[in-house]
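Please examine the sequence and the structure shown below. The paragraphs that follow lead through the chain step by step.

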Amino acid sequence: MKLFVDTADLNDIETIASWGVVAGVTTNPTLLNQVEGDPDDIYRRVCELVDGPISAEVVADARGDMVTDGRRLAAIHDNIVIKLPMGAEALAATASLRAVGIRVNMTLVFTAAQALLAAASGAAFVSPFLGRFDDIGQDGIESLREIVEALAMSDYNTEVLAASIRNPVHVVEAARMGSDIATIPPKILYQMLNHPLTAAGIETFNADAAARAERAAS
Ligand code: E4P
């Protein structure tokens with residue numbers, strides 16, 4: 001499973017990209033609202049930092065506006081993927097964008113039925129939201145499982161991009177379910193790095209290496 005970062009924070013993207021594990025980035029209007037700067041400039045910089053699909057979301061209600069804005073955003077860089085919110089207008093816009101070689105990430109997908117429609121429209125990615133299901137007391141992982149299964153048995157080239165990740169367990173479960181990608185907030189990626197036994201083990205190894213060096217020097 002590929003790992004994407006889910007943020008518009010350039011400092012976090014730069015830091016995490018330096019680990020060498022990031023295959024793409026997703027943003028959305030809420031994430032952009034948490035940082036300063038012109039969104040187009042942010043997308044340009046993200047494309048410099050990460051060589052992979054970079055999702056830029058269109059905010060529009062009508063298919064024509066989605067296509068116009070999607071084409072404008074896609075012109076920023078070849079790696080820009082246009083994020084559209086699931087719905088009839090987005091399905092129609094996806095077909096138009098695909099016809100001119102622009103990839104779409106269908107976002108706000110909650111059911112396998114929605115995922116199948118998105119895949120049939122030619123979306124390159126579908127984004128099932130796990131955490132928002134959990135927020136209303138429902139099982140986001142189970143929904144992801146159904147989506148992965150439904151698309152695996154269909155003849156589409158659509159990748160499943162697990163989104164709305166709230167903890168490292170979501171990431172592991174997404175991988176176990178066979179999701180192609182998980183897009184992960186920086187806070188969760190930092191949590192994924194750590195375990196108390198890793199920290200304790202490093203401390204012991206460092207102490208033993210120092211003790212041996214001291215003995216060798218005496
Ligand atoms: C996905 O691409 C979205 O940006 C994101 O995962 C939404 O997550 P949230 O439910 O935490 O807002």
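A single helix offers a convenient starting point in this predicted model. Helix 8 has 13 residues, and at 1.5 Å a residue it should span 18 Å. The C-alpha atoms at its ends are 18 Å apart, so the expected span and the model agree. The calculation multiplies 1.5 Å by one less than the number of residues, which is why 13 residues lead to 18 Å.

Which residues of helix 8 are buried? They are Gly-140, Ile-141, Ser-143, Leu-144, Ile-147, Val-148, Ala-150 and Leu-151. A general property of helices helps in reading such a list: an α-helix has 3.6 residues a turn, so residues three or four places apart point the same way. The buried residues of helix 8 pack against three strands and three helices named here in turn: strand 5 (104-109), strand 6 (125-128) and strand 7 (159-162), together with helix 6 (112-121), helix 7 (130-135) and helix 9 (168-177).

From this helix one may turn to the interior of the chain. The largest nonpolar core contains 59 residues, and Ile-80, Ile-82, Leu-84 and Met-106 have the most contacts inside it. Helix 8 (residues 140-152) supplies the largest share of this core, namely six residues. A second core, separate from it, has six residues, among them Val-81, Ala-124, Phe-125 and Ile-181. Ile-82 illustrates how distant parts of the sequence meet: leaving aside residues up to four places away in sequence, Ile-82 touches residues including Ala-56, Val-58, Gly-70, Leu-97 and Val-104.

Two residues deserve attention for their backbone angles. Leu-108, which has its place in strand 5, has a phi near 60°, a positive value in a residue other than glycine. Ser-164 lies in the loop between strand 7 and helix 9, and its phi, near 55°, is likewise positive in a residue other than glycine. Are these residues buried or partly exposed? Leu-108 counts as partly exposed because its relative accessibility is 30%, whereas Ser-164, at 9%, counts as buried. The cut-off for buried is under 20% relative accessible area.

Finally, consider the chain as a whole. The chain has 11 helices and eight strands, and its C-alpha trace spans about 80 × 35 × 30 Å along the principal axes. Of its 218 residues, 45% are buried. Among contacts with a separation of 6 or more, 57% join residues 24 or more positions apart. The accessible surface comes to about 11,100 Å², and carbon and sulfur atoms account for 52% of it.

Terms used
Residues numbered from 1 in each chain as written. Predicted model: local features only at pLDDT ≥ 70, side-chain atom pairs only at ≥ 80, totals over all residues. Heavy atoms only, no water. Core = buried A, V, L, I, M, F, W, Y, C linked by side-chain atoms within 4.5 Å. Buried < 20%, exposed > 50% of the residue type's maximum accessible area, 1.4 Å probe, protein only. Helix = DSSP H or I, 4+ residues; strand = E, 2+ residues; numbered from the N terminus. Contact = heavy atoms within 4.5 Å. Areas by Shrake-Rupley, 256 points an atom, 1.4 Å probe, with all protein chains shown as cover.
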